[in-house]
Amino acid sequence: MASDKIAVIGDRDTVTGFQMAGVRMCTVSRSQEVTRSTLIDYFRNPDVGLIIITESLAKEVEDTILEISEAPIPVILLVPDRTGTTGAYEKLLRELVRRAVGIDIKI
Amino acid sequence: MSKILPGTKTTRMELLLLKNRKRLAERGHDLLKEKRDSLIMEFFNAIAEIKEARQEVESTLRDAFSALTQAKMIMGASRVAEFASSSKTSVNLSISTRSMMGVRVPIMSAEQNTPEIPYSLLDSSAKLDTMASKFQIALKAIVRLAEIESTVKRLALEIERTKRRVSALETVVIPRLEATTRFVKLALEEREREDFFRIKMIRDLIT
């Protein structure tokens, strides 16, 4: 399959770490606009199968993420950054559960 | 009272056809209901799995970041970044799909290939190696989480769709078919009574 690349958007430490693990498509983002445009760039790139974005950056572009996570590929995944998890991901998951089952369930 | 299907002729043939259609709709309804229930079961299993995978990602990443900090303390931040961007390790994602209750869910795995010497060994510290391997472990956990998460997302979408179909059959299609069947039946009965009466009239005329 064509989409076999992993992309990372994050702060400098996250990007450095994932580069050590072999991820080649990395972007250090400092502003909301950069994050958004990079996210859309990676999303449009057919080679990308997985986009990893840190939770703190994801919070700033939540609407874009919600919009583009409708598509099956690429998968967008929020990971905690150096400071630990912020719980942004719980919110996304709860929304999914609410839509699927019809009621809010504590998970 | 639901609407009667437009363009229905009140004939016996039509009544039979309607009955068949109703039976088909009811069977479809039952099947879809079963599908929805088992999808929801799968969904909750996947949710439980996701929680576990999430914790795994968090703990491995925490480890990896502390190793990164150590490497930075020894080598300096810019040197670590330099090594990272020139590292020769590469990772490839392989995605295939499998079918789960008719939903295509992805199976992802990361293939990491680390060359013998990914970066200059002379001026890198051992901490850099630890950090690299820790991030590789974290990446594996992340890919697993991504697989489960996209499974959950697709299951959720499919559940939504199935629910809509079930309720459409339940509240629109089946009542409408029932109403039409009743209408045709009543019309046929009415005609039968008319015929009966007509025959009686003719008999009276003849005698």
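In this predicted model, the axes of helices α1(B) and α3(B) come within 4 Å of each other and cross at roughly 165°. Because angles over 145 degrees count as roughly antiparallel, α1(B) is roughly antiparallel to α3(B). The crossing in which α1(B) passes α3(B) is left-handed, and the residues of the contact between α1(B) and α3(B) divide into 39 nonpolar, nine polar and 24 charged.

These two helices also take part in the meeting of the two chains, where 39 residues of chain B are in contact with 32 residues of chain A. On the side of chain B that touches chain A, the elements that give two or more residues are α1 (12-75), α2 (77-86), β1 (90-100) and α3 (126-206) of chain B. Of these, α3(B) supplies the largest share, 17 residues, and the residues of this side of chain B as a whole comprise 25 nonpolar, nine polar and five charged.

Turning to chain A, we can follow its helix α1, residues 12-20, which is mostly covered, with eight of its nine residues buried. The buried residues of α1(A) are A:D13, A:T14, A:V15, A:T16, A:G17, A:F18, A:Q19 and A:M20. What, then, covers the buried residues of α1(A)? The cover includes elements of both chains, namely β1 (5-10), β2 (25-28) and β3 (48-54) of chain A together with α1, α2 and α3 of chain B. After α1(A) comes A:G22, a residue whose phi is positive, near 105°.

Note on methods. Residues numbered from 1 in each chain as written. Chains lettered and ligands numbered in written order. Predicted model: local features only at pLDDT ≥ 70, side-chain atom pairs only at ≥ 80, totals over all residues. Contact = placed C-beta atoms within 7 Å. Nonpolar A, V, L, I, M, F, W, Y, C, P; charged D, E, K, R; others polar. Axes fitted to C-alpha atoms, helices over the stretch in contact; angles between N-to-C directions. Parallel < 35°, antiparallel > 145°, perpendicular 65-115°, else oblique. Left-handed = near helix turned anticlockwise from the far one by under 90°. Buried ≥ 20, exposed ≤ 12 C-beta atoms within 10 Å, placed from the backbone.
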